[in-house]
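Me: I should like to go through the terms applied to this model and the grounds for each. Please set every value against its definition.

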Amino acid sequence: MNIGITVYPTYGGSGIVGSELGRELAARGHNVHFISSALPTRLTELNERVHFHEVEMMTYPLFEHQPYDLALATKMATVARSENLDLLHVHYAIPHSISAILARESIKQKRYVPVITTLHGTDITLVGADRSYLPITRYGLQQSDGVTAVSKFLKQATIETFDFDEIEVIPNFISPDLYRREEGSPICKELSPNDEKLLVHVSNFRAVKRPADCVEILAKVRAKGGNARLIMVGDGPELSAVHHLAKQLNVQNETIFVGKQAKITDYVAVADVFLLPSEEESFGLAALEAQACEVPVVATKVGGIPEVINDKETGFLSDIGDTEKMANDALKFINDEEMRRAFGVRGRELAILRYSSEKIIPQYINFYEKVLSQTQKKQGQNA
Ligand code: GMT
């Protein structure tokens, strides 16, 4: 198949899933065309099967804000025709599904190119549910030729908010070869020069991720005698507030900010505990990546996280903001290496069993085939 994929190219779970999906599809012989404003962060290799088409933006004094949605739709339509795309698969509903629908409609006299929308989280729970975007998001869902969501939780949230239920759940996935434990690496020695235990957090530092809670957890762990350091991977709006809190709580020397990283396994694969204290999380890709690296997860009991982490088996789940419990849970792993290892091993086992790319990528391919055959039938009836 010739598949067009659109993602937000910046740091974010939807961009990672879209990029890794493209890579996996290409490895299975499909031609993948990324259509985006920049090369997606995780897309490190272009080759004869993986192509990138940059959305060009024209500047004009009249445009107070450049109309990216229209520029994207134009590029999608152009690439769909020039590369003979079989379908457009967009990640994150807003505005990608609307742009794709516009592209499809603008060229449908020549050929109908179906649109598949994958819902990732805040496109439904925050942005899409906001009154200003709700009607257009619902339109995007109804007009897509196929819709997937990354968890059962997100499907249910979409039904409740948008009264739309034609959704296939296809979860996030990991490649077990890329995500595996790497104890004793040079980076590990650098991060824990005095054999401190490593608490690791990875996110885009938006308020919804509650990164400041990680600093509170570290402060409480240390106050209770845990010899630990916190490694904060990523960047985003909350970063300076988190820096400030680390100073206030006097753990600035034990909190290491490493910024955005192309290869997060350098940090996750050497962690002792992974922290994900989010307020909302439709799936929790970062938690899955940690689990695949045999790292137990201390997280909040929200959204799709319980579909990923088995409480008391691969990690511990808490209420939002309960940093006292999360610190106590982290301490259990810090003080009991045998337990940490047992949770880690079970975590990788379950991650592979439920969410390996071998299991999930065929679900996307089957879904593409289903949508293609349904649209061909419809087209035949309308002819
Ligand atoms: O919804 C978002 O915050 C955006 C999105 C992204 O692009 O970063 O993240 C979501 O998509 C990931 C991949 O499907 C999920 O694993 C994350 O749980 C989800 N984030 C939230 O729901 C907060």
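Me: What makes the approach of S282 to the ligand a polar contact?
Reply: A backbone N or O atom of S282 lies 2.8 Å from an oxygen atom of the ligand. A polar contact is a pair of N or O atoms within 3.5 Å; within protein, one must be able to donate a hydrogen and the other to accept it, and residues adjacent in sequence count only if both atoms are side-chain atoms. The contact of S282 therefore meets the distance limit. The protein covers 95% of the 480 Å² of accessible area that the ligand has on its own, by the Shrake-Rupley method with a 1.4 Å probe.

Me: On what basis are these values given?
Reply: The model is predicted, with local features requiring pLDDT of at least 70 and side-chain atom pairs pLDDT 80 or more, while totals for chains, interfaces and linings use all residues. Residues are numbered from 1 along each chain as its sequence is written, and side-chain values use heavy atoms, without hydrogens and water.

Me: Which side chains contact an oxygen atom of the ligand, and at what distances?
Reply: An N or O atom in the side chain of S14 is 2.4 Å from a ligand oxygen, and a polar side-chain atom of N172 lies 2.8 Å from one.

Me: Why is D329 called buried or exposed?
Reply: D329 has a relative accessible area of 1%. Buried means under 20%, exposed over 50% and partly exposed in between (1.4 Å probe, protein chains only), so D329 is buried. The residue belongs to helix 13 (residues 323–335), helices being DSSP runs of H or I with at least four residues and strands runs of E with at least two, numbered from the N terminus. The side chains of D329 and K325 are joined by a polar contact of 2.7 Å.

Me: How is I352 classed, and why?
Reply: I352 has 31% relative accessibility and therefore counts as partly exposed. I352 is in helix 14 (residues 337–355), and its C-alpha atom is 8.3 Å from that of S175, 177 residues apart along the chain.

Me: What makes the backbone of F205 and K312 notable?
Reply: Most residues other than glycine have a negative phi. F205 has a positive phi of about 50 degrees, and K312 one of about 70 degrees.

Me: Why do F205 and K312 receive their accessibility classes?
Reply: F205, at 0% relative accessibility, counts as buried. K312 is exposed because its relative accessible area is 60%.
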